[in-house]
Amino acid sequence: MEILIWRNLLDPYDLAVKELITKFEHIRYEHKARGIYCPIEQVTGRVKTISSILDKMQKKKIDFSELETRLEDIAGIRIICQFVEDIPKVVNLIHERKDMTIIHEKNYIDHVKSSGYRSYHVIIEYEVHTMDGLKKIQAEIQIRTMGMNFWSTIEHSLQYKYKQNIPEHLKEKLLKSSEAIVLLDQVMSQVREEIMDAQNSMQLQANLISEILNNIQNLYKVANNREVLKIQEEFYEIYLQNDLEKLERFHKQLDIISEGYRAQSLNFENEEVT
C-alpha cells in the first residue's frame, strides 16, 4: 500500500485516540472538581504502527480487505488504576456512556493468560467526524493497575526482542514476577482506605490553598494593601505548620472577609494574560 493510503486509513484512528483520551481525562477532571475519588489514575493512547499492523496481519493471516474489521486494536486506549477494585468501576463508566458502543469484553484478570498477563479489555465501536463524513471504527480500551502495566510493558519489550519466542527461562521469570504483581495488588487493596484518606487530605489541602490564594489576590483589588499583606503573612504561617484544621478555619474566616468586600465575585476577564 502507498504511504498516502496508509495515512488516509490511520488518520480517523488518530482522531479517535485523541478524542477518547480527552473524554476520559475529563472524567478525571470532573471527579477532582467535585472532590470525588476517581478510579482513573492515568490515560494514555496510541495508534498501532504500520509495522505492528503488518506483523499482526501476517500472524493472523488477515487480508487487507479485512483489516479494519478483524484488527480491533488499531486504536488503543490504556487506562491505569491504582487498585484492582477500581477496574470494574471504570468498566461501568464505559458501559454508561452513550458516545461509544461496547462490542465485547475480555477479562484477563479473572482468566489470566498462561504468560501471566493480566488486564481487562473492552472493545468499542466509536464514531468520528472526518472531512469525508462520519466513520465508525473499533478501538481497544485496556484497563489495568499500575503493577499490571509495569509487568505488561516489560513482557511486551521481550516479545518484541525475541519475535514472540521468549526463551523458557525468561518465561518462567515473567510468570513468577506476574505472581509477585498479584501479591502487590492484594497488599495495596488491604491498605486502600488509608491510601485514599491520605490522597483525599492532600487534595483537600491543595483545593483550600488554591481558594485562599485566589481570595487574597481578589482582596488586593478592593481592600487596604496593609490589611491584605497581614492576611497573607498569617496564611503563610499556617501553611508552614501543615495543619489542615487550622487551614480550614483560616479559609472560612477569609471567606467571611471576602464576602464583606464582595471579592469572591471578582473576575479577571479584562486582565492581560501573561
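Guide: In this predicted model, a residue is called buried under 20% relative accessible area, exposed over 50%, and partly exposed in between.

Visitor: Is aspartate 99 buried, partly exposed or exposed?
Guide: The relative accessibility of aspartate 99 is 27%. That value falls between the limits of 20% and 50%, so aspartate 99 counts as partly exposed.

Visitor: Which residue meets the side chain of aspartate 99 in a salt bridge, with 2.9 Å from N to O?
Guide: A salt bridge requires a side-chain nitrogen of Lys or Arg within 4 Å of a carboxyl oxygen of Asp or Glu. At 2.9 Å from N to O, the side chain of aspartate 99 meets that of lysine 23.

Visitor: How many residues apart in sequence are the parts that aspartate 99 and lysine 23 tie together?
Guide: Lysine 23 belongs to helix α1, whereas aspartate 99 is in the loop between α4 (86-96) and β3 (100-107). Lysine 23 is itself partly exposed, at 25% relative accessibility. Because of where the two residues lie, the pair ties together parts whose separation in sequence is 76 residues.

Visitor: Which residue is linked with Lys23 and Asp99 in a network of salt bridges?
Guide: The salt bridge between lysine 23 and aspartate 99 belongs to a network. Linked with Lys23 and Asp99 in that network is Arg97.

Visitor: Where does aspartate 73, the partner of lysine 48, lie?
Guide: Lysine 48 and aspartate 73 form a salt bridge, with their closest N and O atoms 3.1 Å apart. The pair links distant parts of the chain, 25 residues apart, with lysine 48 in the loop between β1 and α2. Aspartate 73 lies in the loop between α3 (67-70) and β2 (75-81).

Visitor: Does lysine 48 count as buried or exposed?
Guide: Its partner, aspartate 73, has 7% relative accessibility and counts as buried. Lysine 48 has 14% relative accessibility, which is under 20%. Lysine 48 therefore counts as buried.

Visitor: With which residue does the side chain of glutamate 66 meet in a salt bridge?
Guide: Glutamate 66 is partly exposed, at 29% relative accessibility. Its salt-bridge partner is also partly exposed, with a relative accessible area of 38%. The N to O distance of the bridge is 3.5 Å, and the partner is arginine 70.

Visitor: How many salt bridges does the count come to?
Guide: The pairs that count include lysine 48 with aspartate 73 and glutamate 66 with arginine 70. The number of salt bridges in the model is 14.

Visitor: How much space lies in the largest pocket?
Guide: Elements that each supply at least two residues of its lining include β1 (42-47), α2 (50-60) and α6 (168-190). The space in the largest pocket is about 1500 Å³.

Visitor: Which residues of the lining are the closest to the centre of the largest pocket?
Guide: The largest pocket, with about 1500 Å³ of space, is lined by 41 residues. The closest to its centre are Lys48, Lys56, Lys59, His156 and Gln164.

Visitor: How many residues of the lining of the largest pocket are charged?
Guide: Asp, Glu, Lys and Arg count as charged, so Lys48 falls in this class. The lining also holds eight nonpolar and 14 polar residues. The number of charged residues is 19.

Visitor: Which helix gives the largest share of the lining of the second largest pocket?
Guide: The second largest pocket has a volume of about 490 Å³, and Lys32, Ile36, Tyr37, Cys38 and Gln203 lie nearest its centre. Helices α1 (3-33) and α7 (192-222) each supply at least two residues of its lining. The largest share, six residues, comes from α7.

Visitor: What separates the C-alpha atoms of asparagine 200 and lysine 32?
Guide: Asparagine 200 is placed in helix α7 and is partly exposed, with a relative accessible area of 37%. Along the chain, asparagine 200 and lysine 32 are 168 residues apart. Their C-alpha atoms are separated by 9.9 Å.

Visitor: Which residues line the largest cavity?
Guide: The count comes to one cavity of 30 Å³ or more, and about 40 Å³ of space lies in the largest cavity. Helices α5 and α6 each supply at least two residues of the lining. The lining residues are Gly116, Arg118, Met148, Trp151, Ser178 and Ile181.

Visitor: Which helix gives the most to the nonpolar patch?
Guide: Leu213, Tyr236, Tyr239 and Leu240 make a nonpolar surface patch of about 430 Å². Tyrosine 236 is partly exposed, at 41% relative accessibility. With three residues, the helix that gives the most is α8.

Key
Residues are numbered from 1 along each chain as its sequence is written. This is a predicted model: local features need pLDDT of at least 70, side-chain atom pairs count only at pLDDT 80 or more; totals for chains, interfaces and linings use all residues. Side-chain values use heavy atoms; hydrogens and water are left out. On a 1 Å grid over the protein atoms alone, a cavity is a set of points where a 1.4 Å probe fits but cannot get out, and a pocket is an open set with protein on both sides within 12 Å along at least five of seven lines; lining residues have an atom within 4 Å of a point. Grid points are joined across faces, edges and corners, and a volume is the space filled by probe spheres set on the points. Helices (H or I, at least four residues) and strands (E, at least two) are DSSP runs, numbered from the N terminus. Patches are made of residues with over 30% relative accessible area and no salt bridge: like charges are joined within 9 Å, nonpolar side chains (Val, Leu, Ile, Met, Phe, Trp, Tyr) within 5 Å. Accessible areas come from the Shrake-Rupley method with a 1.4 Å probe; for residues, only the protein chains shown count as cover. Buried means under 20% relative accessible area, exposed over 50%, partly exposed in between (1.4 Å probe, protein chains only).
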